[in-house]
Amino acid sequence: MGFQRIILVHYHEIGLKGHNRATFEKRLQKNLEVLLGAYPVVTIHRIAGRLVVFLKEGTDHAMAVACADAIVGVPGVARVSCGFKGERSMGALGAMACAALAEAGPFESFKVAARRNHTDFPIDSMQMNRDVGAVLCAAFPDRRVQMKGPDVTVGVEVVQNAAYVYARSVRGIGGLPVGSSGKVMALLSSGIDSPVALWRMARRGAVPVGVHFSGRPQTSDASEFLVDDIARVLERTGCIGRVYVVPLGDHQREISLDAPPSLRIILYRRLMFRVAERLAEAEGARALVTGESLGQVASQTIENLCATQAAVSMPVFRPLIGTDKLEIIEQAQALGTFELSSQDAPDCCTLFMPRSPETHAKVAAVEAAEAPFPIEQWVGELAEAAEARDYACPGYKPPRGRKG
Ligand code: ATP
Ligand code: MG
């Protein structure tokens, strides 16, 4: 009795109706097709509320698990199960269940959880549970059935004309497929917070484009390399489309020579926001994203957040505004960016820092301090000087007339 090795990808169906749902499914399917390029995948099909990843004949369990691990972190994925597809006969169900359970790793107890999608299959789920359970009890005589909290649950799903059986099932990251919610421009430092903020927007389906301000030519380009490393981590799950690198050092120096020291940081930040907004307009992105968290540092008081926000008219999303540093760190660790972000690299933020920055900036005072500088001209120059680097992100479309 032949059956094929597959990976079943489940997603939450809540809130997905009609046209919305087909768009969501196609987006996720496309994203997985590209992201799994390095794995032995034959094809990915959509069947009634799930995606089925078909693996090449001869693919072993370890490779299937590696492939499943590459899927769990992809936004839009609620659950990933490794198993088999075969015909919907009780004989095939029993054989697939034995094969799946044999690969499940060490376990003492198990149960069967069957469901059928169409009632045209004559055997109901209770009966399937009993029948498949009986086959497994015979094949694994020294293991016991346990209904509450078993070590392994053998999933059996009869969908349309086929049956899917799996024993290894892992929760996914959830959210929406990248590319289903438009584009955002995320200010990306090489610090801990901003990659997490960017990723949170990606998990809600936005396509993030990053912009990094380096201190070049006043500092080395070390932070640019770190940001590239961070972007490559985000790229694994298709969470970043492109990064612009903008050398801000010379302009910061100009500000530091003439602006009141206490307001410098705010002026640097307003300049960063303006350049980000300019690049966002060219990209067709509709909002800026930062990793700011209320009160975390002197520059993140409500007054200062308002004073920087006032420089732009585009909305600024701050997904971390109400989070604690520890929560952010945990998320960065789970994401795989923490180690990189913990490395020291001077970027524009470490340049020309004043000794006592203003913590309650007033917009009028900030505007007065900014007045002597040719801001409009600078924004144009800096946006022009931005260097783009592209990453694998199926939902990302570059703007016309500007190649990476
Ligand atoms: P992070 O950990 O993200 O660097 P932070 O705690 O160091 O944040 P700030 O330096 O005040 O805090 O930066 C706040 C936000 O401003 C960052 O999360 C990021 O979105 C943006 N930002 C700061 N520095 C840069 C930079 N060099 N390039 C691009 N964006 C930056
Ligand atoms: Mg920082």
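In the classes used here, Ala, Val, Leu, Ile, Met, Phe, Trp, Tyr, Cys and Pro count as nonpolar, Asp, Glu, Lys and Arg as charged, and the others, Gly among them, as polar. With that in hand, the empty spaces of this predicted model can be described.

A single cavity of 30 Å³ or more is found in the structure, and the volume of the largest cavity is about 30 Å³. Its walls are formed by Asn31, Leu35, Val74, Pro75, Val178, Thr237, Gly238, Cys393, Pro394 and Gly395. Sorted by class, this lining comprises 6 nonpolar and 4 polar residues, with no charged ones.

Open spaces come next. The second largest pocket has a volume of about 310 Å³. It is lined by 13 residues, of which Gly73, Trp199, Thr237, Ala334 and Leu335 lie closest to its centre. Helices and strands contribute unevenly: α2, α6 (222-235) and α10 (325-335) are the elements that supply two or more residues to this lining. The pocket lining divides into 8 nonpolar, 3 polar and 2 charged residues. Thr237 is worth finding on screen, as it appears in the lining of the largest cavity and also among the residues closest to the centre of this pocket.

The sheet is the next feature to trace. Eight strands form an open sheet with mixed pairing, in the order β2-β3-β1-β4-β8-β7-β5-β6. The edges are taken by β2 (41-47) and β6 (144-145), each of which has a single partner strand, so one side of each lacks a neighbour in the sheet. Further in, β1 (residues 4-10) pairs with β3 (residues 50-55) in the antiparallel sense, over 5 bridges. Within this pair, His10 has Arg50 of β3 as its bridge partner.

Two helices pack on this sheet. Helix α2 (residues 61-72) touches β1, β2, β3, β4 (77-87) and β8 (162-174), and its direction makes about 45 degrees with that of β8. Helix α3 (residues 90-102) touches β4, β5 (109-116), β7 (152-159) and β8, with an angle of about 40 degrees between its direction and that of β8. Helix α2 thus links two parts of the picture, since it packs on the sheet and gives residues to the lining of the second largest pocket.

A helix pair completes the description. The axes of α7 (residues 249-258) and α8 (residues 264-283) come within 10 Å and cross at roughly 145 degrees, and the crossing is right-handed. On the α7 side, His251, Gln252, Ile255 and Ser256 meet Arg264, Leu267, Tyr268 and Leu271 of α8. This contact has 4 nonpolar, 3 polar and 1 charged residues.

Notes: Residues are numbered from 1 along each chain as its sequence is written. Chains are lettered from A and ligands numbered from 1 in the order in which they are written. This is a predicted model: local features need pLDDT of at least 70, side-chain atom pairs count only at pLDDT 80 or more; totals for chains, interfaces and linings use all residues. Side-chain values use heavy atoms; hydrogens and water are left out. On a 1 Å grid over the protein atoms alone, a cavity is a set of points where a 1.4 Å probe fits but cannot get out, and a pocket is an open set with protein on both sides within 12 Å along at least five of seven lines; lining residues have an atom within 4 Å of a point. Grid points are joined across faces, edges and corners, and a volume is the space filled by probe spheres set on the points. Axes are lines fitted to C-alpha atoms, for helices over the stretch in contact, and angles run from 0 to 180 degrees between N-to-C directions. Helices (H or I, at least four residues) and strands (E, at least two) are DSSP runs, numbered from the N terminus. A crossing is left-handed if the near helix is turned anticlockwise from the far one by less than a right angle, and right-handed if clockwise. Contact means heavy atoms within 4.5 Å. Two strands pair if DSSP finds at least two bridges between them.
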